[in-house]
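Biologist: Hey, I've just opened this one and haven't looked at it before. Can you walk me through it?

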Amino acid sequence: MGGLFSKKKEEPAKTSRITERDRAQLKLKQARDKVVQQRKKLAVIIDKERTAAKEFLKKGDRKSASTLMRRKKYQEKMMSTTEVQLENIELMIGKIDEADMAVKVVQSMEAGNDALKSLEKELDIDHVTEVMEDAQELQKWAAELDETLGTPLDTSDVSDEDLLADLDILLQEGDMDVEEKLAQDVADQLPEAPETTPNIQQTQEKKETKNQHKAPQLVAA
């Protein structure tokens with residue numbers, strides 16, 4: 001029951017975003033629309049009065065024609081007045097738009113200044129100077145390191161005689177290697193020795209047996 005009679009919570013009123021400048025622009029635009037409508041009506045009235053004046057002249061009623069022409073002149077004067085009013089309203093709207101743009105530019109610049117101020121607090125000039133000095137020192141060290149690594153090694157303590165002696169040793173080692181290789185090639189080309197030595201006695205017996213077969217047999221008398 002308490003829920004039925006409880007009052008609803010009032011929602012907070014929404015803050016209106018319409019400014020005085022917006023209201024002024026709205027009024028000016030409404031006035032401009034009214035002036036434009038009035039000019040259209042005046043143009044229609046002037047055209048009708050001109051046409052009616054011609055009809056009266058055709059009928060010979062110059063008095064009525066003159067009255068209509070006088071009213072037409074008055075309407076044309078009002079048309080000129082509305083034209084000036086319209087130009088003033090358009091000019092005023094343009095000025096407000098320019099001022100509004102200028103305000104937005106200033107606000108943007110203020111926001112930029114605030115951002116720069118916060119960055120200025122974060123970036124101390126002494127700290128920036130120290131960082132730059134450290135960077136210059138590191139660049140100088142890197143340049144010296146590149147120069148040192150690019151310098152050829154110093155071999156001035158090695159004489160030409162020592163170098164020639166080392167070359168002779170290398171040549172002798174090279175000749176010995178060639179001779180050993182040739183000897184190995186010759187050894188590889190020789191036939192292999194038999195694994196067992198032939199029996200001399202067996203060889204002699206084979207020869208005697210062969211000779212006996214070759215001797216002529218005597219024929220009995």
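Modeller: Sure, what follows is a quick tour of this predicted model, from the overall fold down to single residues.

Biologist: Great. How many helices and strands are in the protein chain?

Modeller: The protein chain has six helices and zero strands. Reading along the sequence, you get α-α-α-α-α-α.

Biologist: And what share of the 221 residues counts as buried?

Modeller: Just 8% of the 221 residues count as buried. The protein chain exposes about 20900 Å², and carbon and sulfur atoms supply 57% of that.

Biologist: What about contacts along the chain, how much comes from residues 24 or more positions apart?

Modeller: Those pairs account for 76% of the contacts with a separation of 6 or more.

Biologist: OK, let's talk helices. What's the span of α2?

Modeller: Its end C-alpha atoms are 58 Å apart. That agrees with expectation, because 40 residues at 1.5 Å a residue should span 58 Å. After α2 comes G60, which has a positive phi, near 90°.

Biologist: And α3?

Modeller: Helix α3 covers residues 62-122, so 61 residues, and reaches 90 Å from its first C-alpha to its last. That is close to the 90 Å expected.

Biologist: Which residues are buried in α2, and what covers them?

Modeller: In α2 the buried ones are Q25, L28, V35, L42, I46, E49 and A53. What covers them includes α3.

Biologist: And looking from the α3 side, what do its buried residues pack against?

Modeller: They pack against α2. Among the buried residues of α3 are A65, L68, K72, Q75, M79 and L86.

Biologist: E49 caught my eye in that α2 list. Is E49 buried or exposed by the numbers?

Modeller: E49 counts as buried because its relative accessibility is 5%, and the cut-off for buried is under 20%.

Biologist: What does the E49 side chain reach?

Modeller: There's a polar contact of 3.4 Å between the side chains of E49 and R71. The E49 side chain also reaches the backbone nitrogen of K72, at 3.1 Å. Setting aside neighbours within four places in sequence, E49 is in contact with L68, R71, K72 and Q75.

Biologist: Tell me about Q75, then. What does Q75 touch?

Modeller: Not counting residues up to four places away in sequence, Q75 touches L42, I45, I46 and E49. Q75 lies in helix α3 and is buried, with a relative accessible area of 12%.

Biologist: Switching topic: how many salt bridges are there?

Modeller: The count comes to eight salt bridges. One of them joins R32 and E90, with the closest N and O atoms 3.6 Å apart. That pair links distant parts of the chain, with R32 in helix α2 and E90 in helix α3, 58 residues apart.

Biologist: Are R32 and E90 buried or partly exposed?

Modeller: Both count as partly exposed, R32 at 23% relative accessibility and E90 at 36%.

Biologist: What about a salt bridge inside one helix?

Modeller: Try E20 and R23, whose side chains meet at 3.2 Å, N to O. They are separated by about one helical turn because they sit three residues apart in helix α2. E20 is exposed at 60% relative accessible area, while R23 is partly exposed at 37%.

Biologist: Any in α3?

Modeller: K104 forms a salt bridge with D100, the closest N and O atoms being 3.5 Å apart. Both lie in helix α3, four residues apart, about one turn of the helix. Salt bridges that share partners join R21, D100 and K104 into one network.

Biologist: How exposed are K104 and D100?

Modeller: K104 counts as partly exposed at 44% relative accessibility, whereas D100 counts as buried at 16%.

Biologist: Back to the α2 and α3 pairing: how far apart are the C-alpha atoms of E83 and R39?

Modeller: They're separated by 7.9 Å, though the two residues are 44 residues apart along the chain. E83 lies in helix α3 and counts as partly exposed at 38% relative accessibility.

Biologist: Last one: which residues make the nonpolar surface patch of about 380 Å²?

Modeller: L123, I125, V128 and M132 make that patch. V128 lies in helix α4, residues 125-149, and is partly exposed, with a relative accessible area of 33%.

Note on methods: Residues are numbered from 1 along each chain as its sequence is written. This is a predicted model: local features need pLDDT of at least 70, side-chain atom pairs count only at pLDDT 80 or more; totals for chains, interfaces and linings use all residues. Side-chain values use heavy atoms; hydrogens and water are left out. Buried means under 20% relative accessible area, exposed over 50%, partly exposed in between (1.4 Å probe, protein chains only). A polar contact is a pair of N or O atoms within 3.5 Å; within protein, one must be able to donate a hydrogen and the other to accept it, and residues adjacent in sequence count only if both atoms are side-chain atoms. Contact means heavy atoms within 4.5 Å. Helices (H or I, at least four residues) and strands (E, at least two) are DSSP runs, numbered from the N terminus. Patches are made of residues with over 30% relative accessible area and no salt bridge: like charges are joined within 9 Å, nonpolar side chains (Val, Leu, Ile, Met, Phe, Trp, Tyr) within 5 Å. Accessible areas come from the Shrake-Rupley method with a 1.4 Å probe; for residues, only the protein chains shown count as cover. A salt bridge is a side-chain nitrogen of Lys or Arg within 4 Å of a carboxyl oxygen of Asp or Glu.
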